[in-house]
Amino acid sequence: MAETEGATLARPDAPAGITAAFHHQALESRMAGEPDWLSQRRLSAWGIYEQLPLPSRRLEEWRYTDPRLLKWDAVTLSSPVAGRIESSAARAFFAGKPSSARVLQVNGGIAAIEVDPDVLGRGVIVKTLPEAALDHESLVREHLGAHARPADGKFIALNSAFWSAGVFIHVPRGVRLDRPIRMVRWIDAAGAAFFPRTLVLAGEGSSFGIVEELASPDFDSPVFCCGVCEVHASSAADVQYVAMQQWGRGVRHLGVQRTVAKRDANLDTLVVNLGGTVARSEVNASLEGPGARSDMLGLYFAHGDQHFDHETRQDHRVAHASSDLLYKGALDGKSRAIFRGLIKVWPGAQRTDAYQTSRNLILSKQAEATSLPNLEIEADDVRCSHAATVGHLDQEELFYIMSRGIPRREAERLVVFGFYGDVLARLPMPGVVRELRDAIEARIG
Amino acid sequence: MPQNETVTGLGLEEYKYGFVTEDKPVFKATKGLSEEIVRQISAHKAEPEWMLEFRLKALEIYRSKPMPAWGGDLAQLDAVLDEIYYYIKPQERMERSWDDVPQEIKDTFEKLGIPEAERKVLAGVGAQYESEMVYHSLKKEWTDKGIIFESIEDGLRLYPDLFREHFSTVIPPADNKFAALNSAVWSGGSFVYIPKGVHVDIPLQAYFRVNAERMGQFERTLIIVEEGANAQYIEGCTAPVYSTESFHSGVIEIIIKPNARFRYVTIQNWSHNMYNLVTQRAMVHEGGHMEWLDGNLGSKLTMKYPSCYLVGPGAHGEILSIAYAGPGQHQDTGGKVIHAAPNTTSQIISKSISRGSGRATYRGLCKIYEGSDHAKSKVECDALLLDEKARTDTFPYIEIEEQSASVGHEATVSKIGTEQLFYLMSRGLSEEEASAMIVRGFIEPIAKKLPLEYAVELNRLVELEMEGSVG
């Protein structure tokens, strides 16, 4: 590495907080064994991270979530090294769930990657990101950090500098998978920070689903997990991406998802937030070709003192694309949920169809819901609408069910399930819907 | 015919009310703002000491607050604020009879289309020419009922205790930068008091007019509606066109006591160089009913969000907002409802039209505090875009802390449909007429809530907008 690059690294007298924890040496250990261009990107992201101001509630996007809740100053950087584990042990994480490829990440490292032989034979690539950077340099160079750019935000820059356990998925042109690719990210190290990274490339006309599960035990000390995921769908590709967050107590989760849909591509996302103490999901769908379509679904159940923040963006950059968003959540205990969604229609993006719906169900006296459904429209030949509601359990519905001899608690569960029904109905992955139902049921309990 | 041609040249480029009458003020402060100016204003009005102190404190707050970084583009505003006159007093005495009103001012009203005869219908006319009420009349039976409709200065002078008890209780100077500025230099506006149980059938009206170039208008209105009373207030304004920027920043405070009903109507048609930054808020007590009807057609930039603070059980707040943003205009408007008591209800309906480089922004807040059992709120925003350069934004904030609350928000964006046009034109209407009809239909839910003469005026304005719109 050239001498001049040292200038972009943290100075020894860097200010306290996140910068102190994520110092020079930590960054160098991340770069070990990587191609030089990849290290350069980390360094440049670190430079940007250092330049960007710390977010605070004074910023509109952090108005309802104090960034200090993420406790990044109370954690240490984890070691990215995790030994490969026995494939039989790894398989236990995927038991009973059909899949065409499986990735297990434990703490900061990739523990196992397994691709079914028939899938491998059709050219599907599932690798760690550093491996892919060597084997498929041009693809990784082109797309990594192109859709979630370090300059887009302090935490994206932080992840771009420190990511580990990166996963690269490429499904070539015309390949259709009938079983999803599954990723499980498991953390059991308290007091640490993790930066998972995912890059998914869907070739022209390919069709597949990805299910990412995030899980951990409960922690007494904070864990900070800041993940970035980029999904790029080429022409006429059809991709479903499900991110299911079931962290244990104590985890502070920041999940950034950027999707790009090209001409006639269909790119659907479902973001499920059930676990963690604080969870913030930033989901940005960019529609970049005529005929592109994104269904954006969200589902959350918060209880206790959980704090969930969803920030979404439907970015219509070209004409003749459509997007439809539906986020639904139920709030119990002293929980708090924020939804901020933006439909952005750029000049010239005529014939845009963009819809956005946010619905909250408040189950307890002390829960709080905030909705900010925003529109910025700079073209006139569009159909755009948004709707937001905040409501409570309908006493008449409850009464109706209870009058059939069902106890109150059970009746409430049924109503909440009914509330989630239309989100689940829109996900074209029946097996995954069943798993989601079970996971939600376990939470509502 | 291509769509974009149907709506070009719709606009307010030729400003109908853009005439200027020669002004002869009695007193004109020097340009810009200073403690000295604030003292001069207070001295000129022969105010009590507490008001001077209030003004000076507000000036400090104004200076300490940063310029808002949200909403419209305020980058040029600092320069504007240095250039304006903070106080002009056009006449020394309040006029009691129409005959005493100077001819020059009468001419101005004439051009604005306020016929002399109208004052017989209008219950009381407080016409604001420049910074103060110059003409003020009140029907005898109202005086007998104990209704007070005075200039804000006379309100302070004649009813010092009533005034002091309520003044600045709804909008304190520290509320926002421009409320602070208004608190420091306010001049002109109305003081209205409707006694307990009194019903007023004919609306109280005030006409506003800014005349002198670079003159800021800091009107201040305080309205107290006592228990069980029922009244309506109408404010309309229009200003002549000038080349340099102008500035208007009003503060309107309304107190609705238990079971009282009140409606406040504004149609704002400032000239297109005006910054219009207004704070208007009503405190609504138990069983009270407040309705804002807010029309924004003129100005360069308007930032105005009429608010209802529902602080008593069963209080109701309603905001009907209509905005038209033509080329070069930004209407950043909307409404706020704050529920802080059980069984409170509210509704916001917003309709906006943007054309050319015009930008219409809905910005609103619905906040329901914990303990506001069974509060209900409904917000509806519809935007109509007249061509491909127009822009519309919707920024609603919905903050709910109460389990039993029900809140709904809906917004739609659309353009004039080719099919709708075709249908009307096949019935023999010209494209221009058809477009005007569609626009009228779009604003109709709000227009029909306006008093007749305002509905007529609004429809006339729409027609003016649509004239020559088809090239």
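**Exercise 1. What covers the buried residues of α8(A)?**

Before we start: this is a predicted model, where local features need pLDDT of at least 70, side-chain atom pairs count only at pLDDT 80 or more, and totals for chains, interfaces and linings use all residues. Residues are numbered from 1 along each chain as its sequence is written, while chains are lettered from A and ligands numbered from 1 in the order in which they are written.

*Step 1.* Find the helix. α8 of chain A spans residues 154-162. Helices (H or I, at least four residues) and strands (E, at least two) are DSSP runs, numbered from the N terminus.

*Step 2.* Check its burial. A residue is buried if 20 or more other C-beta atoms lie within 10 Å of its own, exposed if 12 or fewer, and partly exposed in between, with C-beta atoms placed from the backbone. By that test, nine of the nine residues of α8(A) are buried; among them are K154(A), F155(A) and N159(A).

*Step 3.* Look at the neighbours. The cover includes α2 (24-31), α3 (36-51), β8 (197-202), β10 and β12 of chain A. Contact here means that the C-beta atoms of two residues, placed from the backbone, lie within 7 Å.

**Exercise 2. Describe the surroundings of strand β12 in chain A.**

*Step 1.* Start with burial. β12(A) covers residues 251-261, and 11 of its 11 residues are buried.

*Step 2.* Sort the residues by direction. V251(A), H253(A), G255(A), Q257(A), T259(A) and A261(A) point one way, and R252(A), L254(A), V256(A), R258(A) and V260(A) point the other way.

*Step 3.* Add the partner strands. Two strands pair if DSSP finds at least two bridges between them. Strand β10(A) (residues 223-233) runs parallel to β12(A) and is joined to it by 11 bridges; V231(A) has T259(A) as its bridge partner. Strand β14(A) (residues 278-287) is also parallel to β12(A), with 10 bridges, and here A261(A) partners L287(A).

**Exercise 3. Work out how chain A is built overall.**

*Step 1.* Count the elements: chain A has 11 helices and 21 strands.

*Step 2.* Judge the packing. The radius of gyration (taken over C-alpha atoms) is compared with the globule rule, 2.2 Å times the number of residues to the power 0.38. Chain A comes out at 21 Å, close to the 22 Å that the rule gives for 445 residues, so it is as compact as a globular protein of that length.

*Step 3.* Add the box and the burial. Along the principal axes, the C-alpha atoms fill roughly 75 × 50 × 45 Å, and 53% of the 445 residues count as buried.

*Step 4.* Check the contacts. Among those between residues at least 6 apart in sequence, 82% join residues at least 24 apart.

**Exercise 4. Show how the two domains of chain A meet.**

*Step 1.* Set the bounds, which come from an automatic or database domain assignment. It gives domain 1 (3-288) and domain 2 (395-445).

*Step 2.* Place them. Their centres, taken over C-alpha atoms, are 31 Å apart.

*Step 3.* Examine the contact. Domain 1 of chain A gives 12 residues and domain 2 of chain A gives 10. On the domain 1 side, the elements with two or more residues are β9 (207-215), β11 (238-246) and β13 (266-273). β11(A) gives the most, with four residues.

*Step 4.* Classify that side. Ala, Val, Leu, Ile, Met, Phe, Trp, Tyr, Cys and Pro count as nonpolar, Asp, Glu, Lys and Arg as charged, and the others, Gly among them, as polar. The domain 1 side has eight nonpolar, three polar and one charged residues.

**Exercise 5. Describe where chain A touches chain B.**

*Step 1.* Count the residues: 29 come from chain A and 28 from chain B. β20 (368-377) and β21 (383-392) of chain A each supply at least two residues of the chain A side.

*Step 2.* Use the classes again. The chain A side has 13 nonpolar, nine polar and seven charged residues.

*Step 3.* Find the strand pair across the chains. β21(A) and β23(B) (residues 406-415) pair in the antiparallel sense over seven bridges, with V390(A) opposite V407(B).

**Exercise 6. Place strand β20 of chain B.**

*Step 1.* Check burial: nine of the 10 residues of β20(B) (residues 359-368) are buried, so the strand is largely enclosed by the rest of the structure.

*Step 2.* Name the partners. β18(B) (residues 330-339) pairs with β20(B) in the parallel sense over 10 bridges, and K336(B) stands opposite L365(B). β22(B) (residues 391-400) pairs with β20(B) in the parallel sense over 10 bridges, and R359(B) stands opposite R391(B).
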